[in-house]
Amino acid sequence: MGRCIYCGRCEEVCPTGAITLSPDFELSVMNKQDLFEQADYKLAACHRCGKYFAPVKEIEYAGALLRQSDLPEVVKTNAGALLNICPECKRKNDVSKMVNLYQENKDVAR
Ligand code: SF4
C-alpha cells in the first residue's frame, strides 16, 4: 500500500472483482514496512510432472471462463483437461489434436 496512489484503476479493470478499494483513507504509519501486506496462494501441481506451476485460484478462474464459453463441449472437455498441466508438459502434449477437434466441431456448427 506504500506505492498506491488510490486512483482506483485496479478496481476498475479487475476482471474478477477481486480488487475493491476500501473507504479507509487515513493509512499513516510510523514505519513504511507496515504498509506491506502479504498474500499467500495455494499452488497447483501439474497432473503430469508434479511441478507447481500456477495458483489454484487462477486455474479455477480459467476453468470457470472455459465452462461459460460458447466453445463446443468436446473442446471445453479437452481444454479443461489441459488446465491442470504445466506449460512445459503442455508443449510436450500433442496440440495438433486439439486444433483438429476444434476445426471439426467449428465446421459442424456452421
Ligand atoms: S491501480 Fe490500484 S494499486 Fe495501483 S495506484 Fe491505483 S488504486 Fe493503487
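Hi everyone, let's start with the order of things: going from the N terminus, the chain's elements read α-β-β-α-α-α-α. That makes five helices and two strands. Please keep in mind that what you have in front of you is a predicted model.

So how spread out is the chain, set against a compact globule? Its radius of gyration comes to 20 Å, while the globule rule for 110 residues gives 13 Å, so the chain is well over that value and more spread out than a compact globule would be. If you prefer box dimensions, the C-alpha trace covers about 65 × 35 × 15 Å along its principal axes.

Now, burial. Of the 110 residues in the chain, 0% are buried. As for contacts, take the ones between residues at least 6 apart in sequence: 44% of these join residues at least 24 apart.

Let me pick one residue to look at, Gly17. You'll find Gly17 in the loop that runs between α1 (9-13) and β1 (43-45). Is Gly17 buried or exposed? Gly17 counts as exposed, because it has 7 C-beta neighbours inside 10 Å, and the cut-off for exposed is 12 or fewer. For a sense of distance, compare Gly17 with Arg67: they sit 50 residues apart in sequence, and their C-alpha atoms are 19 Å apart in space.

Last stop, the ligand. Which residues surround the ligand? They are Cys4, Ile5, Tyr6, Cys7, Gly8, Arg9 and Cys10. Sorted by class, that shell holds five nonpolar residues, one polar and one charged.

That's my tour, thanks for listening!

Notes:
Residues numbered from 1 in each chain as written. Predicted model: local features only at pLDDT ≥ 70, side-chain atom pairs only at ≥ 80, totals over all residues. Near = placed C-beta within 6 Å. Nonpolar A, V, L, I, M, F, W, Y, C, P; charged D, E, K, R; others polar. Helix = DSSP H or I, 4+ residues; strand = E, 2+ residues; numbered from the N terminus. Rg over C-alpha atoms; globule rule 2.2 N^0.38 Å. Buried ≥ 20, exposed ≤ 12 C-beta atoms within 10 Å, placed from the backbone. Contact = placed C-beta atoms within 7 Å.
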